[in-house]
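Trainee: Could you take me through one part of this structure closely, beginning with how a single strand is paired with its neighbours and then moving outward to the cores and the charged pairs?

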Amino acid sequence: MKILVCISKTPDTTAKIAFTDNNTKFDTNGVQWIINPYDEWYALVRAIELKEADAATVIHLVNIGGADADPIIRKALALGGDEAIRVNADNHDGYFVASQIAAVAKEGNYDLIFTGKETIDYNGSSIGGMLAEMLEMPFVSLASKFELSGTTATITREIEGGAETCEVALPVVVSAAKGMAEARIPNMRGIMAARTKPLNVKEPVEAESLTTVASFGLPPAKAGVKLVDADNVDELVRLLHEEAKVI
Amino acid sequence: MSVLIFIDAAEGKIKKASLEAITYGAHIAQQLGVSAEGVVLGQITDDLATLGKYGVQKIHRVADEKLNNLDAQVYAKVIADVATATGATVLVCSNNVDGKSIAPRLSVRLKAGLVAGAVALPDTANGFTVKKNVFSGKAFANISVSTDIKIVSLSPNAYKIEAGEGTAEVVDFSTTVEAPKVKVTNVEKASGEVPLTEAEIVVSGGRGLKGPENWGMIEELAKLLHAATACSRPVADAGWRPHNEHVGQTGIAIAPNLYIAIGISGAIQHLAGVNRSKTIVVINKDEDAPFFKAADYGIVGDAFEVVPKMIESIKKMKGGA
Ligand SMILES: Cc1cc2nc3c(=O)[nH]c(=O)nc-3n(C[C@H](O)[C@H](O)[C@H](O)COP(=O)(O)OP(=O)(O)OC[C@H]3O[C@@H](n4cnc5c(N)ncnc54)[C@H](O)[C@@H]3O)c2cc1C
Ligand SMILES: Nc1ncnc2c1ncn2[C@@H]1O[C@H](COP(=O)(O)O)[C@@H](O)[C@H]1O
């Protein structure tokens with residue numbers, strides 16, 4: 001079994017969000033970078049569990065990014081990836097990124113490709129689907145459970161007001177949401193081993209971008225909270241009914 | 001030229017998110033001076049012609065039973081066929097669970113730039129630029145699409161449904177439908193009546209509620225308001241509530257009209273999933289809880305006293321109204 005896990009680099013969840021260059025660039029000053037939580041906690045850990053259940057499984061990691069992504073790739077190797085490929089390009093258009101991953105995937109002939117549900121910075125939730133279309137593979141999004149029996153995957157996904165379980169034959173692209181696995185922390189042995197695991201850097205293939213960020217902005221600040229006394233709950237209900245008109 | 005709206009259904013019924021997408025797509029069509037058309041896949045029990053009141057003029061139906069369950073690969077092919085046959089230049093869908101699997105595939109199939117999670121009408125004065133949320137609702141971005149065909153998936157609860165007059169012409173569209181490779185074997189309904197992502201009101205509880213046995217009042221309040229229930233991450237992690245109720249940066253992102261946060265501190269990762277709610281009410285016994293900074297209304301007090309009073313007060317109001 002060969003598994004490819006797509007790993008992206010995102011700002012830490014507490015990072016201050018600000019923009020520079022006339023609101024066209026994210027201000028990376030002082031930002032701590034992490035592996036996108038969905039990629040790490042769910043996609044990667046589930047892949048590691050599959051490997052633990054079947055020693056013949058190999059896990060490759062792929063990242064499209066600059067050299068500043070290497071620390072997070074090393075961390076993913078420390079958690080349990082066997083080998084990593086970084087395509088040296090800094091471009092956030094989903095179509096471009098998916099094209100690069102597709103090129104890597106075609107070469108590696110994977111049985112299973114995991115992505116996270118979405119990146120917590122660009123919130124595209126689209127690279128898995130694009131990749132699947134490029135590879136002409138089925139795609140199951142937002143998986144909260146993933147089981148494998150032979151070459152058939154049984155996947156549960158959250159849908160509006162419930163959950164749906166489906167079956168699909170490998171190869172398949174799956175995007176991982178909460179529930180797939182439990183977050184882990186790398187141990188000392190993993191960290192030591194990661195230093196010598198291969199991290200291969202490749203140059204990007206020719207690919208287009210279909211979208212560009214014209215500008216960023218911050219939402220208007222809240223006007224401030226209107227506090228109501230705990231002994232006067234009726235007043236809160238009145239305000240919600242008459243002023244906010246939400247109940 | 002037309003705007004083509006993907007109208008999705010579950011168990012034969014049109015989803016609310018699709019009504020938002022229809023209104024939104026119809027407004028784009030007006031803006032561009034072209035027709036608004038829809039595409040519906042699978043066997044639908046709802047009356048499609050009445051969807052005309054949301055502004056769609058013509059609906060292309062592919063009533064093949066192979067389309068009753070979602071296989072994004074099969075869906076994308078059929079929708080792309082309709083788009084090509086009708087000369088659609090803008091495709092609209094909801095950025096709900098179905099949209100998230102279909103839109104990216106369509107983007108590749110049609111080589112069309114995708115804006116996932118739009119929150120406003122596109123600016124078409126000079127090109128095609130769409131506003132969407134980024135950084136989990138902490139910021140927005142204006143995304144320019146440079147391709148001939150554009151795909152916009154609309155964030156749920158970001159655009160108001162508008163109903164007017166009109167009936168849509170419903171026509172059958174025929175094309176080959178491949179056999180799905182993804183076979184749905186089971187669909188389980190969540191216990192709550194109102195799906196979290198579609199709810200207008202959400203009542204949410206945090207660790208301040210002490211334990212799962214105290215959720216009775218949360219559920220009662222939710223039921224009274226016809227609301228969905230949600231929770232903070234530690235609450236789901238501890239197994240007090242099901243995982244699908246976890247909202248926030250690593251859970252579900254929601255944007256209801258009213259979000260009532262009870263015993264939740266308002267950590268930045270929690271806010272990331274709920275800060276697009278139109279009105280936020282916070283009930284917390286700690287006046288320094290960070291959530292108050294993001295709230296519209298608040299009560300500093302003990303949830304175990306405030307919530308029962310709130311239930312009584314709303315009952316009184318509903319009884320009197
Ligand atoms: C990478 C990362 C991602 C995360 N993602 C998420 C996410 O998606 N969603 C999420 O929710 N969290 C997330 N978290 C966790 C987050 O940082 C907070 O730890 C969490 O939101 C706190 O949950 P809480 O408010 O329920 O609990 P607490 O922080 O323990 O707060 C409990 C609150 O209840 C109040 N309280 C106590 N008793 C009462 C009472 N009787 N009446 C009224 N109020 C009372 C207290 O004053 C306190 O403010 C994430 C963290 C990390 C590091
Ligand atoms: N630059 C990248 N390199 C590798 N994988 C990525 C990259 N960007 C996104 N992904 C993967 O695609 C998923 C969805 O991303 P997005 O569509 O941008 O929300 C992420 O969770 C990652 O698994």
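Mentor: In this predicted model, B:Y259 of strand 15 of chain B has B:I280, in strand 16 of chain B, as its bridge partner. That contact belongs to a longer pairing, since strand 15 and strand 16 (residues 279–284) of chain B run in the parallel sense and are joined over five bridges. Between these two strands the chain passes through helix 6 (residues 268–274) of chain B, and the resulting β-α-β crossover is right-handed. Strand 15 of chain B is also paired with strand 13 (residues 201–205) of chain B, again parallel and again through five bridges; within that pairing, B:G205 lies opposite B:I262.

The side chains of strand 15 of chain B can be sorted by direction, with B:L258, B:I260 and B:I262 pointing one way, B:Y259 and B:A261 pointing the other, and all of them buried. Such a pattern fits the general rule that in a regular strand the side chains alternate between the two faces of the sheet. Because five of the five residues in strand 15 (residues 258–262) of chain B are buried, the strand is largely enclosed by the rest of the structure.

A helix in the other chain offers a contrasting pattern of burial. In helix 6 (residues 233–243) of chain A, the buried residues are A:V233, A:L236, A:V237, A:L239 and A:L240. Viewed down the helix axis, these buried residues of helix 6 of chain A fall within an arc of 155 degrees, so they line one face of the helix. The general background is that an α-helix has 3.6 residues a turn, so residues three or four places apart point the same way. After helix 6 of chain A comes A:K245, whose phi is positive, near 55 degrees.

Turning to the nonpolar interior, the largest core comprises 55 residues, and those with the most contacts inside it are A:I113, B:L41, B:L91 and B:L106. Setting aside residues up to four places away in sequence, B:L41 touches B:F6, B:V62, B:L67, B:Y75, B:V78 and B:I79. There is a second, separate core, of 42 residues, which includes B:I14, B:L19, B:Y24 and B:A141.

As for the charged pairs, 34 salt bridges are found over all chains. One of them joins the side chains of A:E164 and A:R157 at 3.1 Å, N to O, and here both partners are withdrawn from the surface: A:E164 counts as buried at 8% relative accessibility, and A:R157 counts as buried at 4%. By contrast, B:K189 and B:E11, whose side chains meet in a salt bridge at 3.4 Å, N to O, are both exposed. Their pairing links distant parts of the chain, with B:K189 in strand 12 (residues 183–189) of chain B and B:E11 in the loop between strand 2 (9–10) and strand 3 (13–14) of chain B, 178 residues apart.

Another salt bridge is that of B:R61 with B:D172, whose closest N and O atoms are 2.9 Å apart. This pair, too, links distant parts of the chain, B:R61 being in strand 5 (residues 58–62) and B:D172 in strand 11 (residues 169–172) of chain B, 111 residues apart. B:R61 counts as partly exposed at 29% relative accessibility, whereas B:D172, at 56%, counts as exposed. Finally, salt bridges with shared partners join A:E160, B:D8, B:K15 and B:D98 into one network.

Methods:
Residues numbered from 1 in each chain as written. Chains lettered and ligands numbered in written order. Predicted model: local features only at pLDDT ≥ 70, side-chain atom pairs only at ≥ 80, totals over all residues. Heavy atoms only, no water. Core = buried A, V, L, I, M, F, W, Y, C linked by side-chain atoms within 4.5 Å. Buried < 20%, exposed > 50% of the residue type's maximum accessible area, 1.4 Å probe, protein only. Contact = heavy atoms within 4.5 Å. Helix = DSSP H or I, 4+ residues; strand = E, 2+ residues; numbered from the N terminus. Arc of directions from axis to C-beta. Pairing = 2+ DSSP bridges. Right-handed = clockwise from strand over helix to strand, strands pointing away. Salt bridge = Lys/Arg side-chain N within 4 Å of Asp/Glu carboxyl O.
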